[in-house]
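Trainee: Could you pick one part of this model and take a close look at it with me? I would like to see how it connects to what lies around it.

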Amino acid sequence: MKAILTILFLTGIFSPPALAKSDFQLACSDETPTLGVVIREVPEDQTVVTELFAFQGMKVTYPSLANFPSYLRFEWPRQNCQKFEAYAMKCEHTSEIQTIEGHRVQALSMESFNKIEQRDGQQVLLRKTLLRLNVDGVTHEIHGEFSELQCSDSGVFRSEPEST
C-alpha cells in the first residue's frame, strides 16, 4: 500500500498544492485494500472530482462492469453539487462522456454520505459512497462502504498502522 501511495504522489495525482485549497476532501480505502475513493472540490476550477482506485493489479473488474483500468476520474461543475453535513455531498446532472477501454462512459451522479449502523451490538459510523455510471447505455452502480477509521479528510488515504 505504501508503495502505491508513493507512486500516486510521484505521478502528481495527489500533489499537496492541488489539494491545499479544497473545501471538501474525503479519501477512503477498504481494509484489503481493493478499492479507494477520493472526492474533492477544486475551487480554482469550480469542479468536484471523484476518483476511484483499484489497488490489486493493473486492471480491475468493478461490480457488474467489464474490465476497467485501475484508476477512474470523473468531474462535475461545482454548481451541480450540493454539500450537506460533514463528508456528505451529492453531484448530479452528469459528467462529460469519456471513452474508457473502448466503452462510452458517463458518470450520472455521485453521493457520499454518513450512516450509523448497528454491528455486533455497537453503533458504527460508516462513510458510504455511490457512483452511478452509464456504460454503453446501461446504468451501473459502484458502492463503497468504509468505517470512519478508513477515511481521511486530508485528501490522501490513511496509512496502515505499523505492526509492532
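Mentor: Gladly! Let's begin with C28: in this predicted model, its relative accessibility is 1%, under the 20% cut-off, so C28 counts as buried. What does C28 bond with? C28 forms a disulfide with C151, and their two sulfur atoms lie 2.0 Å apart. The torsion about that S-S bond is about 115°, so the disulfide is right-handed. Now place the two ends on the chain: C28 is in strand β1, residues 25–29, while C151 is in strand β13, residues 151–152, so the bond ties together parts that lie 123 residues apart in sequence. The other end is covered too, because C151 has a relative accessible area of 3% and is buried.

Strands β1 and β13 bring us to the sheet. They belong to an open sheet of five strands, in the order β6-β3-β2-β1-β13, with antiparallel pairing. The edges are β6 and β13; each of them has a single partner strand, so one side of each is left without a neighbour in the sheet. If you read that order with the disulfide in mind, C151 sits in an edge strand, β13, and C28 sits in β1, listed beside β13 in the sheet. On its other side in the order, β1 has β2, and these two strands pair in the antiparallel sense over five bridges. For a concrete contact to pick out on screen, try Q25, whose bridge partner in β2 is R40.

Let's stay on β2 and step along to E41. Is E41 buried or exposed? E41 is buried, because its relative accessible area is 4%. Its side chain meets that of K83 in a salt bridge, 3.1 Å from N to O. This pair links distant parts of the chain, with E41 in strand β2 and K83 in strand β7, 42 residues apart. K83 counts as partly exposed, because its relative accessibility is 37%.

E41 has another salt-bridge partner, R78, and here the N to O distance is 2.4 Å. R78 lies in the loop between β6 (71–77) and β7 (81–83) and E41 lies in β2 (residues 35–42), so the pair ties together parts that are 37 residues apart in sequence. R78 is buried as well, because its relative accessible area is 18%. So, from a single acidic side chain in β2, we reach both the loop between β6 and β7 and strand β7 itself.

Strand β7 then leads to the structure's other cysteine pair. The structure holds two disulfides, and C81 and C91 form one of them, with sulfur atoms 2.0 Å apart. With 110° about the S-S bond, the C81 and C91 link is right-handed. It joins C81 in strand β7 to C91 in strand β8 (residues 89–91), ten residues apart. C81 is buried, because its relative accessibility is 10%, and C91 is buried with a relative accessible area of 0%. If you count the bonded cysteines along the chain, the disulfide pattern is 1-4, 2-3.

One more stop, for comparison of the salt bridges. K128 and E117 meet through their side chains, 3.0 Å from N to O. K128 belongs to strand β11 (residues 122–135) and E117 to strand β10 (residues 103–119), so this pair ties together parts eleven residues apart in sequence. Both K128 and E117 are buried. Through salt bridges that share partners, K115, E117, R119, K128 and E145 are joined into one network. The count of salt bridges for the model comes to 13.

Finally, zoom out. The protein chain has two helices and 13 strands. Of its 164 residues, 43% are buried. Among contacts with a separation of 6 or more, 47% are between residues 24 or more positions apart. The accessible surface of the chain comes to about 9000 Å², and 50% of it belongs to carbon and sulfur atoms. With that background, go back to C28 and C151 and follow the route again, from the disulfide into the sheet, and on to E41 and its link with K83.

Notes: Residues numbered from 1 in each chain as written. Predicted model: local features only at pLDDT ≥ 70, side-chain atom pairs only at ≥ 80, totals over all residues. Heavy atoms only, no water. Salt bridge = Lys/Arg side-chain N within 4 Å of Asp/Glu carboxyl O. Helix = DSSP H or I, 4+ residues; strand = E, 2+ residues; numbered from the N terminus. Buried < 20%, exposed > 50% of the residue type's maximum accessible area, 1.4 Å probe, protein only. Disulfide = S-S within 2.5 Å. Pairing = 2+ DSSP bridges. Contact = heavy atoms within 4.5 Å. Areas by Shrake-Rupley, 256 points an atom, 1.4 Å probe, with all protein chains shown as cover.
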